[in-house]
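User: Could you take a close look at the salt bridges in this model for me? I'd like to know who pairs with whom and how the partners sit.

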Amino acid sequence: FVDSFITELMPRSAVDAHVRCPFAGLWFKPPRPLGWSARDIAKRIVRWGRRYASLRSPHWAAILLLDTAGYGHLAPAGQPRIVGIPEFSVTSLPAVEPAIVKEIREHAAGRRICSLVGSLEGRKGVRAFLRSAAVAPEDEWFFVMAGKAAWDTFDAESREILERLRGGTDGRVYLADRWFDDETLNAIVAASGLL
């Protein structure tokens, strides 16, 4: 996670010394811009030129930011490119937890849940998701695929892994191959530890 890689005063040389190729990252909670209080003005003066200097490394290709506003101050001169998206949709959670979420929690049996939601297509990383499910510690992670599957886009390897991991009473992957409304998908997202 970029959150743990970037610290506010990390020098750019720390990035350049350890990472020698272009890279991108996912940033969950960027800092808000400093305000105009006396304290914030003092911070500006003390940290002039040092605040988030690591973002000026030429190795940064892009950052996917789960936020949609207030990040223009982080990337001077457009380096790296920051793409902001909303972390969650504006659709609220249902008043009552859907049956599918209860079923997922029962199958997970205390394990952390990793979910792939929406339309399930090969181009969206289904193979990588299933490979991760195959090698993840079985007692720690449970994998969920929720959405309408476009089976013609799954390659043979993806189909084989999916069939193997779904089999038996203790399957490691739960597949819900159907359309869901936004509230139900949001409930699945809310129950997940990783998406």
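Analyst: Let's start with Glu121 and Arg123, whose side chains meet in a salt bridge at 2.9 Å, N to O. Keep in mind that this is a predicted model. The two partners sit quite differently: Glu121 has 19% relative accessibility and counts as buried, because the cut-off for buried is under 20%. Arg123, at 68%, counts as exposed.

Next up is Arg127 with Asp155, another side-chain salt bridge, this one at 2.4 Å, N to O. Arg127 belongs to helix H5 and Asp155 to the loop between E5 and H6, so this pair ties together parts 28 residues apart in sequence. Both ends are partly exposed: Arg127 has a relative accessible area of 37%, and Asp155 has 24%.

Then there's Glu157, which forms a salt bridge with Arg131, with the closest N and O atoms 2.9 Å apart. Here too, distant parts of the chain get linked, as Glu157 is in helix H6 and Arg131 is in helix H5, 26 residues apart. Glu157 counts as partly exposed at 31% relative accessibility, and Arg131 is partly exposed as well, at 41%. Put these together and you get one network: Arg127, Arg131, Asp155 and Glu157 are joined by salt bridges that share partners.

For the wider picture, the structure holds seven salt bridges. Helices H5 and H6 also turn up in the largest nonpolar core, among the elements giving two or more residues to it. H5 provides the largest share of that core, four residues.

Technical notes:
Residues numbered from 1 in each chain as written. Predicted model: local features only at pLDDT ≥ 70, side-chain atom pairs only at ≥ 80, totals over all residues. Heavy atoms only, no water. Salt bridge = Lys/Arg side-chain N within 4 Å of Asp/Glu carboxyl O. Buried < 20%, exposed > 50% of the residue type's maximum accessible area, 1.4 Å probe, protein only.
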